[in-house]
Amino acid sequence: MRQPWRFSWWWVVGGAAIALAGAAAIARQSLEQQRALFETDARIVHRLLSQQVVQHDAILATLALLQPAPVASGTGSPEQRLPALYPRILSVQRSDAATPWPDPALAEAERLSRQSGRAALAPLDLPSGRYRLVLASDPASFALTIDLQALVPWEEWPMAAETSTVRVELEHAGQRHVVQPGRLQAGTGSRFEFHKVVAAESQPFDVVATQTVSWRQWPWARMLAWTLAVAALLAAVRHLQRQRLARRRAEELLRLGQVARLNTLGELAAGMAHELNQPLTAVLANTQAAQRLLDDDPPELTTARGAMAQAAAQARRAAEVVGRLRRAVERPDSGGQRQTVDAVDAVRRALHLLEPECQRRGVVPVLDGAPVLNVMADPVALDQIVHNLILNALQALEQGPATQRRLTLTLRTVDGLGELAVADSGPGIAPEVLPRLFEPFFSTREGGLGLGLSLCETLASGMGGSLSAANAATGGAVFRLRLPLAANPA
């Protein structure tokens, strides 16, 4: 299954989640504050209206208790002076045996008042903005006509009636009177509601307050500031993480480079020792032959024999020095350091180290095949081989157009061995170069030592595996590293 070799979208997803959660918390806090302010204002409205309507009961009770006597026509009775004291009282009417109620609705309200023992409402017409309240008593009953709009103590009102977004209404028996219209925006934002009956049993009006918080009233500035702060924080964290990854990558490249240089030095020293050992052996053989010829000659050639013996001794000493040098720089047996290694992890480590090289060349490596491939290998040697193969492929891709650069790494099991195939879309390998590709000191690049692939092939062989190269049928080169599979745990 094809898998992308690097994922970084979790930064975007995580940052968006944090920003949204914080913005939601800010919006919720703002709404709760607005709700608390709304409920406080609504309770003040309820208290003020309750104080007003309770006074009507007190006024009627005072009139019934004092029973002011009617006066002659043309002079005002005491109760008729109440509207001057209470502007919300439009008129005061009385009824006794001599002056029955002119309106049957008032007579019905008087009957209800006698039954309940308290003031009673005459049939309502709340949309007209007024109502009548009747208290039955003897010898006379009294009725008040009250203006609902004048009922409101605007000087103590907690809101600006002209600009407030809170709607205040009085409701009773399905009828409504708008005290404060408010500026409601239907269908948007959040809606707050408050319902409570005024504290007067004779006038059970329900105080209804409503407020709609539109989207425009949300704390967008604070939400945007929070989002920008989260973005800045994540950018800083991401920058620090990239710096740390770059530092780790540089340290790993330095370590891998040191190992590569040591192995290259060993390869170079081993080659030089091999090249020098043959002429030294020939010198030794020739001096020994000369010594035998001189031994057969009886003349006085003691000095000659001594010189030849000394030359033979020096030749042996040189051979021993070269042998010690070879043993000193020769790589230890890789087989003794082999262990179970996941080749997929080795490839991912190499891709991580070479990520800047891939980005510089505009190459997006594709990792195909098995998600896990356990082989027996020296971890350091395997890292070095994979690193060199990918780097060689990237260098080969530089010779082609940027839009056609492809690098595919496939891991699978072949003939009982674990195989890593590194395929590129570069120019491929020339036929005359292919047979000499793994020879020491052979290089097709100017300034190259020709030891990289030779060293990789030697390391692979030392781990019981193999390294081969070929041209792909679709173009480009493909290198195949095969290593023994690790035994499955019991």
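## How the labels are earned

Trainee: What makes Asp 342 a cap for the N-terminal end of H6?

Mentor: A side-chain oxygen of Asp 342 lies 3.0 Å from the backbone nitrogen of Val 344. A polar contact is a pair of N or O atoms within 3.5 Å (within protein, one must be able to donate a hydrogen and the other to accept it, and residues adjacent in sequence count only if both atoms are side-chain atoms). At 3.0 Å, the pair is within that cut-off.

Mentor: Before we go on, this is a predicted model, in which local features need pLDDT of at least 70 and side-chain atom pairs count only at pLDDT 80 or more, while totals for chains, interfaces and linings use all residues. Residues are numbered from 1 along each chain as its sequence is written, and side-chain values use heavy atoms, with hydrogens and water left out.

Trainee: How many helices and strands does the protein chain have?

Mentor: There are nine helices and 16 strands. Both are DSSP runs numbered from the N terminus: helices are H or I with at least four residues, strands are E with at least two. H6, for instance, covers residues 343-353, and its buried residues are Ala 343, Val 344, Ala 346, Val 347, Ala 350, Leu 351 and Leu 353.

Trainee: Why is His 56 called buried?

Mentor: Buried means under 20% relative accessible area, exposed over 50%, and partly exposed in between (1.4 Å probe, protein chains only). His 56 has 0% relative accessibility, so the label is buried. This residue lies in helix H1 (residues 9-66), and its side chain makes a polar contact with the side chain of Arg 88 at 2.8 Å. Leaving aside neighbours within four places in sequence, His 56 is in contact (heavy atoms within 4.5 Å) with residues including Tyr 131, Leu 144 and Gln 203.

Trainee: How many disulfides does the structure hold?

Mentor: Zero. A disulfide needs a pair of cysteine sulfur atoms within 2.5 Å. Two of the cysteines are buried: Cys 358 at 1% and Cys 456 at 0%.

Trainee: What makes Asp 103 and Arg 132 a salt bridge?

Mentor: The rule asks for a side-chain nitrogen of Lys or Arg within 4 Å of a carboxyl oxygen of Asp or Glu. Here the N to O distance is 2.9 Å, so the pair qualifies. Asp 103 lies in the loop between strand E2 (89-95) and helix H3 (104-116) and Arg 132 in strand E4 (residues 130-135), so the bridge ties together parts 29 residues apart in sequence. Asp 103 is partly exposed at 24%, and Arg 132 is partly exposed at 22%. By this rule there are 19 salt bridges.

Trainee: Where do Arg 361 and Glu 357 lie?

Mentor: Both are in helix H7 (residues 355-361), four residues apart, about one turn of the helix. Their side chains meet in a salt bridge at 2.6 Å. Arg 361, at 7%, is buried, whereas Glu 357, at 26%, is partly exposed.

Trainee: How do you know that Glu 419 and Arg 482 form a salt bridge?

Mentor: Their closest N and O atoms are 2.7 Å apart, which is within the cut-off. The pair links distant parts of the chain, with Glu 419 in strand E14 (residues 417-424) and Arg 482 in strand E16 (residues 477-484), 63 residues apart. Shared partners join Arg 412, Asp 415, Glu 419, Arg 480 and Arg 482 into one network of salt bridges. Glu 419 is buried at 0%, while Arg 482 is partly exposed at 23%.
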